[in-house]
Amino acid sequence: MVKAHVSTQELVAGRYRLVEVLHRETNRVCWYGEDVEAGRPCLLTQTGLPPDPDGESARRAVARVVRMAETMGRLCPGRVAAVVDAVEEYGTLWTVTEWIDGIPLGELLERQGAFGHARAARIGLELLDVLEAGHSEGITHGELSPGQVFVPDRGPVVVTGFGLAGATLVPRVSAPSYASPEQARDERIGPAADLWALGAMLYAMVEGRPPFRDRDSPETTLKGVDRLPLRGPVRAGPLTPTVQGLLRKNSRERLGRQAVREALSRVVTEEPDALPDETPVPLLRRLHDAGPGRGRRTMAAGTALAVVTVTVAVLAATGRLSTDADDSAADAPPAGPTASATGGEPAQPAPEPTPTRQPTQKPTPTPSPTRSPTTAAPSPTPAFQHYTAPQGFSVSLPRGWTALSTTQQDDLAYRVVLGAEGDPRTLAVTYSTRVGDDPVAVWRDDVEPGLRQSGDYRRVGEIRATTYQGREAADMEWLATVDGTRVHTLGRGFLIGGGRGYSLRWTTPAADWDDPADQQTLETVLRTFEVPSV
């Protein structure tokens with residue numbers, strides 16, 4: 001164990017007085033403080049550094065924190081804490097930021113308990129704004145947790161901690177219960193780790209606890225994150241698909257940023273909070289309003305802060321739990337059609353799931369169920385008719401389309417193939433009462449093995465978790481040869497509860513996949529499909 005003793009009577013870097021501990025994490029303590037030279041309050045973050053005989057690592061850490069803060073400050077003015085100083089003293093990195101007129105999200109959760117769905121969604125959207133700005137410039141936060149997010153009583157949240165990832169003692173995460181599985185395994189991380197942390201905070205906001213509890217040591221907590229199954233949320237309501245889609249152990253299957261934005265925006269719009277948010281007045285403002293000498297008066301009033309001990313474990317998180325299980329039950333990447341069932345040449349998969357896939361041959365974006373696709377040039381608008389099947393589902397189809405074939409297994413499952421004579425495109429609607437609770441796993445484990453029996457089957461990109469009409473869903477796109485024609489298929493599977501689910505498979509000749517009229521038809525199908533009323 002390594003102990004760093006900090007006396008509140010001493011000044012950090014000769015000018016910053018420590019007033020009161022605001023938040024504690026592994027390897028890190030946040031303080032409200034006072035800049036005695038400038039006569040103004042500030043926030044200090046104390047981070048334990050690994051042994052560094054020549055001081056080079058510490059210098060790099062200081063430079064990285066300052067550089068990241070400057071960059072993020074330009075990208076997100078007022079949304080990222082402004083770093084005014086960063087110094088290393090006796091193996092400790094001190095990051096000094098401007099006074100943040102807010103309360104750490106972790107402290108707010110302890111005081112108020114779980115949030116309403118709309119409030120959690122609003123905070124999630126504000127965090128997403130900051131993450132998107134950083135990710136667009138290749139910046140991953142890597143240490144996102146409720147201790148790094150300050151919630152003001154007015155205005156959007158403020159994020160701290162950029163540039164601190166990897167700087168701390170082992171284990172190299174300061175909030176293990178919010179770390180991603182790849183961080184738990186000490187692997188290289190990217191934007192997907194931040195999306196996991198966003199999902200973990202959404203989970204904590206609606207459930208009142210993190211998705212993986214803190215155990216007897218940071219190392220044991222990290223093992224649980226890596227190996228234990230996700231405890232399904234019970235209070236998340238409309239946020240459930242988003243939370244579960246972000247908390248997928250496989251980083252490539254996590255919900256993409258655009259899908260998250262669409263889902264959270266929908267919750268904010270459709271489920272406003274019954275009461276306005278109330279954020280307690282931050283301690284620092286209370287101290288500031290008290291006038292000069294506030295720090296000394298506060299300590300004299302009985303806040304036992306004469307000496308604070310930061311205890312840091314220096315054991316590496318290397319073990320694995322042999323009895324741990326796999327992860328969550330839901331998914332959520334692209335919100336719009338990302339591929340078709342049997343059409344054009346495959347696009348190169350994006351490095352991170354996004355709600356829609358941009359075609360590689362034309363600038364026309366893949367349509368989403370909620371907006372019309374943008375086409376490169378005007379094209380005739382196909383005529384549609386609304387079709388209601390005997391099985392109860394309904395959908396708008398090109399005029400002249402009808403059921404080409406129907407297969408049914410009692411009341412357990414059926415498949416209806418829709419199309420028209422002479423039209424190479426088809427839509428297959430499948431219903432089952434025995435699907436699993438993970439749409440991604442259904443495609444991966446139940447459907448794809450059968451498709452692979454075809455020698456020329458080829459999946460396009462990753463199986464992408466998404467939400468569809470507010471339900472848990474997943475998209476899979478593949479190429480195959482049918483009757484001598486290369487076709488491209490988009491399959492979208494979604495759950496409707498009680499072990500039941502549907503899949504929609506849109507298939508078109510591969511050469512026609514990017515055709516604007518075909519894309520418009522696909523968009524119309526996805527937008528208008530309705531399940532039978534119960």
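This report describes a pair of helices, a small set of paired strands and one lysine in a predicted model.

## Helices H3 and H8

Two packed helices are described by the angle between their axes and the distance between the axes. For helix H3 (residues 117-136) and H8, the axes come within 9 Å and cross at roughly 150°. Because angles over 145 degrees count as roughly antiparallel, H3 is roughly antiparallel to H8. The crossing of the two helices is left-handed.

Residues on both helices make this contact. On the H3 side they are His117, Ala118, Ala121, Arg122, Gly124, Leu125, Leu128, Asp129, Glu132 and His135. H8 contributes Arg257, Val260, Arg261, Leu264, Ser265, Val267 and Val268.

## The loop before H8

Helix H8 (257-270) is preceded by a loop that links it to helix H7 (240-246), and Lys249 is found in this loop. With a relative accessible area of 9%, Lys249 falls under the 20% cut-off and is therefore buried. The Lys249 side chain reaches the backbone oxygen of Val225 at 2.4 Å.

## The sheet E8-E9-E10

An open sheet is formed by 3 strands in the order E8-E9-E10, with antiparallel pairing. Strand E8 (103-104) and strand E10 (158-159) stand at the edges; each has a single partner strand, so one side of each is left without a neighbour in the sheet.

Between E8 and strand E9 (residues 149-151), the antiparallel pairing extends over 2 bridges. Within this part of the sheet, Ile103 stands opposite Val151 in E9.

Methods. Residues numbered from 1 in each chain as written. Predicted model: local features only at pLDDT ≥ 70, side-chain atom pairs only at ≥ 80, totals over all residues. Heavy atoms only, no water. Helix = DSSP H or I, 4+ residues; strand = E, 2+ residues; numbered from the N terminus. Buried < 20%, exposed > 50% of the residue type's maximum accessible area, 1.4 Å probe, protein only. Polar contact = N/O pair within 3.5 Å; in protein donor to acceptor, adjacent residues only side chain to side chain. Pairing = 2+ DSSP bridges. Axes fitted to C-alpha atoms, helices over the stretch in contact; angles between N-to-C directions. Parallel < 35°, antiparallel > 145°, perpendicular 65-115°, else oblique. Left-handed = near helix turned anticlockwise from the far one by under 90°. Contact = heavy atoms within 4.5 Å.
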